[in-house]
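Thanks for making time this morning; I would like to walk through one structure with you, starting with what surrounds the ligand and then moving to the interior of the protein.

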Amino acid sequence: MTVGAPGGEVVLETDRLLLRPWRVAEAVVQRELWTERDPRVPPHRRIDAEGHPTVADLEDAIRTDEVWSNGLLAVERKVSRDVVGYCGLVDDGRVAAGEPELAFELLRRVWRRGYATEASAAVLDWARASGYERLWATVWDWNTASRRVLAKVGFAETGRTEVDAERGTTLMTTRRL
Ligand SMILES: CC(C)(COP(=O)(O)OP(=O)(O)OC[C@H]1O[C@@H](n2cnc3c(N)ncnc32)[C@H](O)[C@@H]1OP(=O)(O)O)[C@@H](O)C(=O)NCCC(=O)NCCS
């Protein structure tokens, strides 16, 4: 993995992928991710009855919310030059101050090719180079693919869980850098 910062922007490069800030025109990819979400994810992460977030809502967020430029990076395939999802860090102090969460989500059509694992490994290097010493990740117990990715990049379950009677149990995992 190499880290470049042309114009101050973060760019992570792996064998097959570039991880870099979202462009406004790529809001359509984010909308597609929203439409593909598993029905078990909570309502605030699903498209509502009025169709929000719309592509325009997502465009606004890309323009204004730093998470889309410096946190949850667009995953671009180097050969086909298409953006297929995001992978990155959310540092909102939800789990522990100064210890961000790793998050990733990819379009279904590219699942099971090792992209999430490859992107996550680059994000781990980036986090380490940025001075972080520990990352967290939360995952539904039924989310086998995500649990497998987290295990492959070295996250361990802590035994801490949150139980939601309808949706399942959220597992708290962590990794020292
Ligand atoms: C989680 C996600 C990003 C994984 O992306 P991916 O690029 O397919 O992941 P990888 O190919 O790197 O690895 C997936 C691993 O899970 C395994 N896997 C995938 N689906 C599986 C399933 N239904 N049952 C068992 N194992 C499964 C794969 O075999 C692979 O493991 P392996 O390398 O040991 O064979 C993708 O499934 C996704 O976007 N899911 C929806 C969003 C999400 O759940 N995000 C995480 C929230 S915590």
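**Ligand shell and cores**

Sorted by class, the residues that form the shell around the ligand are eight nonpolar, six polar and five charged. Please keep in mind throughout that we are looking at a predicted model. The ligand is surrounded by 19 residues, and the closest of these are R112, T117, N143, R148 and K152. Strand 6, helix 4, strand 7 and helix 5 each contribute at least two residues to that shell, with helix 5 giving the largest share, six residues.

Turning to the backbone, a nitrogen atom of the ligand lies 2.8 Å from a backbone N or O atom of F104, while oxygen atoms of the ligand come 2.7 Å from a backbone N or O atom of G114 and 3.4 Å from a polar backbone atom of R113. Of the 960 Å² of accessible area that the ligand has on its own, the protein covers 70%.

Now to the interior: which residues have the most contacts inside the largest nonpolar core? That core has 29 residues, and the ones in question are L12, L19, V75, C87, L102, V123 and F155. Its largest share, eight residues, comes from helix 4. If we take C87 and leave aside its neighbours within four places in sequence, its contacts include L19, V75, L102 and V123, as well as F104. Apart from this core lies another, of 14 residues, with I62, W68, V83 and L107 among them.

Key:
Residues numbered from 1 in each chain as written. Predicted model: local features only at pLDDT ≥ 70, side-chain atom pairs only at ≥ 80, totals over all residues. Heavy atoms only, no water. Core = buried A, V, L, I, M, F, W, Y, C linked by side-chain atoms within 4.5 Å. Buried < 20%, exposed > 50% of the residue type's maximum accessible area, 1.4 Å probe, protein only. Helix = DSSP H or I, 4+ residues; strand = E, 2+ residues; numbered from the N terminus. Contact = heavy atoms within 4.5 Å. Near = heavy atom within 4 Å. Polar contact = N/O pair within 3.5 Å; in protein donor to acceptor, adjacent residues only side chain to side chain. Areas by Shrake-Rupley, 256 points an atom, 1.4 Å probe, with all protein chains shown as cover. Nonpolar A, V, L, I, M, F, W, Y, C, P; charged D, E, K, R; others polar.
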